[in-house]
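Let's take a walk through this one together, starting on the inside and working outward. Keep the viewer open as you read.

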Amino acid sequence: MEDERPGLEVPREQWRWHILLPLSAAPGEGAVESAREAARTSCRAVDRVRLATVTEGRCVELSHDGPFSEEHLSLKVMEEFMVARGLVPNGPHHEIYLTAFDDPAPRTVLRQPVRAA
């Protein structure tokens with residue numbers, strides 16, 4: 001999500017979902033426009049799809065092993081780590097899923113771009 005509030009304080013319906021792809025796998029703008037047109041009849045939000053390059057810079061990263069419902073505990077650890085080191089968020093929090101969503105033992109990399117306070 002793109003909001004100044006901590007992620008878990010923002011209602012999920014206000015989140016903006018991003019799919020992060022390695023630059024080598026990202027489609028060109030022409031492919032994105034073709035996909036928009038193909039999906040237009042079945043998706044009202046199709047015009048909000050965009051291609052963007054993200055340069056993160058410095059990040060705090062943590063491997064969360066366990067259910068998504070407990071990610072808030074790992075995010076709290078990250079927040080405390082940032083405060084102790086005088087860091088503040090500098091871009092949207094994001095996650096890298098290392099296992100399938102239905103895996104009984106999910107693993108997720110939590111990442112937060114940061115800068116000095």
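The largest nonpolar core in this predicted model has seven residues: Val60, Leu75, Met78, Met82, Leu87, Leu110 and Val114. Two elements, α2 and β4, each put at least two residues into this core. The top contributor is α2, with three residues. As background, nonpolar side chains tend to be buried together in soluble globular proteins.

Within that core, Met82 is a handy residue to click on. Leaving aside residues up to four places away in sequence, Met82 touches Val60, Leu87, Val88, Pro89, Gln112 and Val114. Three of these, Val60, Leu87 and Val114, are also listed in the core.

Now zoom out to the whole chain. The protein has two helices and four strands, and reading from the N terminus the order is α-β-α-β-β-β. Of the 117 residues, 20% are buried. What share of the contacts between residues at least 6 apart in sequence joins residues at least 24 apart? The share comes to 53%. As for the outside, the accessible surface is about 8700 Å², and carbon and sulfur atoms account for 56% of that.

Next, the aromatic rings. How many aromatic pairs turn up when ring centres have to lie within 6.5 Å? The count is three. One of them joins Phe68 and Phe101, whose ring centres are 5.9 Å apart with 50 degrees between the planes, a tilted arrangement. Phe68 sits in the loop between β1 (59-65) and α2 (71-84), while Phe101 belongs to the loop between β3 (94-97) and β4 (107-116), so this pair ties together parts that are 33 residues apart in sequence. Another pair is Tyr97 with Phe101: the centres are 4.9 Å apart and the planes meet at 55 degrees, so this pair is tilted as well. Put together, Phe68, Tyr97 and Phe101 make one aromatic cluster.

Is this cluster's Phe101 buried or exposed? Phe101 is exposed, because its relative accessible area of 58% is over the 50% cut-off. The other two members fall in the middle class: Phe68 is partly exposed, with a relative accessible area of 34%, and Tyr97 is partly exposed too, at 35%. These residues also show up in the surface picture, where Phe68, Tyr97 and Phe101 make a nonpolar patch of about 310 Å². If you colour the surface by residue type, that patch is a good place to look, and Phe68 in the loop between β1 and α2 is one way to find it.

One last stop is Pro92, which is found in the loop between β2 (87-89) and β3. Pro92 counts as partly exposed, with 37% relative accessibility. Which distance separates the C-alpha atoms of Pro92 and Arg16? The answer is 9.8 Å, for two residues that are 76 apart along the chain.

Methods:
Residues are numbered from 1 along each chain as its sequence is written. This is a predicted model: local features need pLDDT of at least 70, side-chain atom pairs count only at pLDDT 80 or more; totals for chains, interfaces and linings use all residues. Side-chain values use heavy atoms; hydrogens and water are left out. Rings of Phe, Tyr and Trp (its six-membered ring) pair if their centres lie within 6.5 Å; planes under 30 degrees apart count as stacked, over 60 as edge-to-face and the rest as tilted. Buried means under 20% relative accessible area, exposed over 50%, partly exposed in between (1.4 Å probe, protein chains only). Patches are made of residues with over 30% relative accessible area and no salt bridge: like charges are joined within 9 Å, nonpolar side chains (Val, Leu, Ile, Met, Phe, Trp, Tyr) within 5 Å. Accessible areas come from the Shrake-Rupley method with a 1.4 Å probe; for residues, only the protein chains shown count as cover. A salt bridge is a side-chain nitrogen of Lys or Arg within 4 Å of a carboxyl oxygen of Asp or Glu. A nonpolar core is a set of buried Ala, Val, Leu, Ile, Met, Phe, Trp, Tyr and Cys residues joined through side-chain atoms within 4.5 Å. Contact means heavy atoms within 4.5 Å.
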